[in-house]
Amino acid sequence: MLSTDLEHKIMVEAINEAKKSVSEDLRANPKVGAVLVDQSGKIIAQANRGETGKGDHAEYLLLKKAKASGLNLKKAILFVTLEPCTVRGPDKTSCAQRIKDSGISKVYIGMLDPNPQILGRGETWLRWSNIEVERFPGHLVQEIENLNSDFINTFRASHLPKESLYVKSRISDQICDSLKRDGFDLDNIPSDWDLTVDDLIRYCETACPPDILPQLPQLLHEVRAMAFDKKYANYTYDEDVRGLGDFWLAEIRDILRMLHASDYQRRRVINVGIGNGLEGKGLFDTCNHLTIVDIAKKSIKKAQANLPMATSLISSAEDLNKILAGSQDIYVSLRTYQSAFFNINQAVREAYRIVRQGGVVLISISNGFIGKDGALVPGHIVPNSNIVDRNRPFHLAEKVRQKITLFRFEEIGIRTGLSEIYIYGRRGR
């Protein structure tokens, strides 16, 4: 496994290679750099798009050089600044297919291709071809996108259909409607990223009826819980990338195995933000000591029905006061840390408190929707729109990583899956 510092160094080299790209015509073509390394991280080949003057793709040129040198690529690792293509012209082989045929074992991808014919499909195709895929960190993705701004602007922004559950049903709107029924003088409430429930309390103080003001914090926590119940109590995977297969279960098990916790069924596991329990089926339903937690009453009741052996608790991730300190072996929270009005600082603090020394923390950030025609649309929805920001999940994952680092977790890592990003670590002894 390459060190984080070495990975970063090779990524920067790939970006520098991309800057050398030469466009073959007057169109806005992407600037792409590709670097191939062996298991130790030694560079064995590199290329950029158009370096021959013919507009050849960087991966094609890279693999052509490797073949000419007689290199065995069975365990080689590829760093490429643009998602490999899955579609080429007549009688041409896609870069994704060439990568698979080469025997390369792992690929690090910079930005996703904004071309809707490719967007997300290259990354997905590689994963389904049993090639391990990781992504460049958010700050390097931003650098690559800045380098390719003209190319990106030739395509419309990724978006979800307005009838999508994630667009038409907003937690902020449901909270606002509920508060107005309680007599609050509100037209709307803010729904920007990174706002917490404490921010919501401060915002609503001036609009709150005087007789309710003393109970405002408790009321807003209850209203937030009811909003999540309304949106997710009957949630299914019909519009969810997880509905494409059980790949995500394999991703989670693989991370737990890497953390020497493959026997998690026999350990004390807490799943925070379980929702209606759908994510626990097939993953935690055979656990001997499972605690499931959610803020939403209807959802946790359904989760209990789905996971009858579990102990259930109605509580928020930010306040697990009913869980004893150091009582859990494994803390899991999937797709909860990007929730509306969520406080990451408090949630990580609680995770640290309840996990024993040497215990494992596994958190995931969602990164993908099912868009039009069943296409994968990676990213998070920009508040009050149907536009999807592809960088947001990676910025959020990095924020979580920084927080668990601050609490001195060890063996910290980030791994990208098909539809979510995993952040994991072990509490120091």
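In this predicted model, Arg 127 is classed as buried because its relative accessibility is 13%, and buried means under 20%. This residue belongs to helix H4, which comprises residues 121–128.

The side chain of Arg 127 takes part in the following polar pairings.

| Group paired with the side chain of Arg 127 | Distance |
|---|---|
| Side chain of Glu 123 | 3.0 Å |
| Backbone oxygen of Thr 416 | 3.1 Å |

Leaving aside residues up to four places away in sequence, Arg 127 is in contact with Val 133, Thr 416, Gly 417 and Leu 418. Thr 416 thus appears both among these contacts and as the owner of the backbone oxygen reached at 3.1 Å.

Helix H1 is considered next. Helix H1 covers residues 4–18, and its 15 residues should span 21 Å at 1.5 Å a residue; the C-alpha atoms at its ends lie 21 Å apart, so the expected and computed spans agree.

Which residues of H1 are buried? They are Glu 7, Ile 10, Met 11, Ala 14, Ile 15, Glu 17 and Ala 18. Because these buried residues fall within an arc of 155° when H1 is viewed down its axis, they line one face of the helix. Exposed residues Asp 5 and Lys 9 are carried on the face of H1 turned away from that buried side.

The cover over the buried residues of H1 includes both strands and a helix. The strands are E1 (33–37), E2 (43–48), E3 (77–82), E4 (106–111) and E5 (132–135), and the helix is H5 (138–147).

Methods:
Residues are numbered from 1 along each chain as its sequence is written. This is a predicted model: local features need pLDDT of at least 70, side-chain atom pairs count only at pLDDT 80 or more; totals for chains, interfaces and linings use all residues. Side-chain values use heavy atoms; hydrogens and water are left out. Helices (H or I, at least four residues) and strands (E, at least two) are DSSP runs, numbered from the N terminus. The expected span of a helix is 1.5 Å times one less than its number of residues. Buried means under 20% relative accessible area, exposed over 50%, partly exposed in between (1.4 Å probe, protein chains only). The arc is that of the directions from the helix axis to the C-beta atoms. Contact means heavy atoms within 4.5 Å. A polar contact is a pair of N or O atoms within 3.5 Å; within protein, one must be able to donate a hydrogen and the other to accept it, and residues adjacent in sequence count only if both atoms are side-chain atoms.
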